[in-house]
Amino acid sequence: MQTESTEQLIKRAEIMCQRRGVRLTPTRREVFAILTKQDGAVGAYDLLEMLKAEVPNAKPPTIYRALEFLQAQGFVHKVSSSNSYVLCSHFEKQHPVQMLICSLCGNVQEIHSSGIHQEFINQAEQKGFQVQHQTVEALGVCKQCQHA
Ligand SMILES: [Zn+2]
Ligand SMILES: [Zn+2]
């Protein structure tokens, strides 16, 4: 759930793209806009169906290319355990990310623990392992669902 409006988030994303000299094309912008309206993570094919409302000739590569771009810019995170995508609203800064995924409603919340991140790297280093990408995902039941 986003506290900012879609327009505000798009504006922030546009500023970031301008600064980085990359283009938020109409398709990329539309995928971004769709993601701002979701409560939880969404799979690529569901996103494609929603995108077709605006871009009727959209094909699977259309959505994968857009997602690749949005991920590279840090605008979305991939939820590996469910192979889906979720908007990140703190994309101005590089941040460690751990995800709390509700197995009942699908809601995804981000937490940013640099402690967990650092500990991962420490333990990996002891094994002579170089971490390139780290994903920490916890499945459980969110606050709303516990009280439902
Ligand atoms: Zn994030
Ligand atoms: Zn829930």
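In the predicted model, the zinc ion (ligand 1) is bound by protein donors from four positions of the chain, namely His77 (NE2), Cys88 (SG), His95 (NE2) and Glu110, the last of which is listed with two OE donors, and these atoms lie 2.0 to 2.6 Å from the zinc ion. Along the chain, the donors of the zinc ion follow the spacing H-x10-C-x6-H-x14-E. Within this set, the pair formed by Cys88 and Glu110 links distant parts of the chain, the two residues being 22 residues apart. Cys88 is located in the loop between β3 (84-87) and β4 (98-102), whereas Glu110 belongs to strand β5 (residues 108-111).

Both members of this pair fall below the 20% limit of relative accessible area under which a residue counts as buried. Cys88 is buried with a relative accessible area of 0%, while Glu110, at 19%, is likewise classed as buried because the limit for that class is 20%.

Strand β5, which contributes Glu110, is also part of an open sheet of three strands, arranged in the order β5-β4-β6 and mixed in its pairing. The edges of this sheet are formed by β5 and β6 (136-140), each of which pairs on one side only. On average, and with direction ignored, neighbouring strands of the sheet are turned by 20° against each other. Strands β4 and β5 run antiparallel and are joined by four bridges, and Ile101 is found opposite Val108 in β5.

Key:
Residues are numbered from 1 along each chain as its sequence is written. Chains are lettered from A and ligands numbered from 1 in the order in which they are written. This is a predicted model: local features need pLDDT of at least 70, side-chain atom pairs count only at pLDDT 80 or more; totals for chains, interfaces and linings use all residues. Side-chain values use heavy atoms; hydrogens and water are left out. Donors are N, O and S atoms within 2.8 Å of the metal (3.2 Å for Na, K and Ca); water is not among the atoms, so sites may look incomplete. Buried means under 20% relative accessible area, exposed over 50%, partly exposed in between (1.4 Å probe, protein chains only). Two strands pair if DSSP finds at least two bridges between them. Axes are lines fitted to C-alpha atoms, for helices over the stretch in contact, and angles run from 0 to 180 degrees between N-to-C directions.
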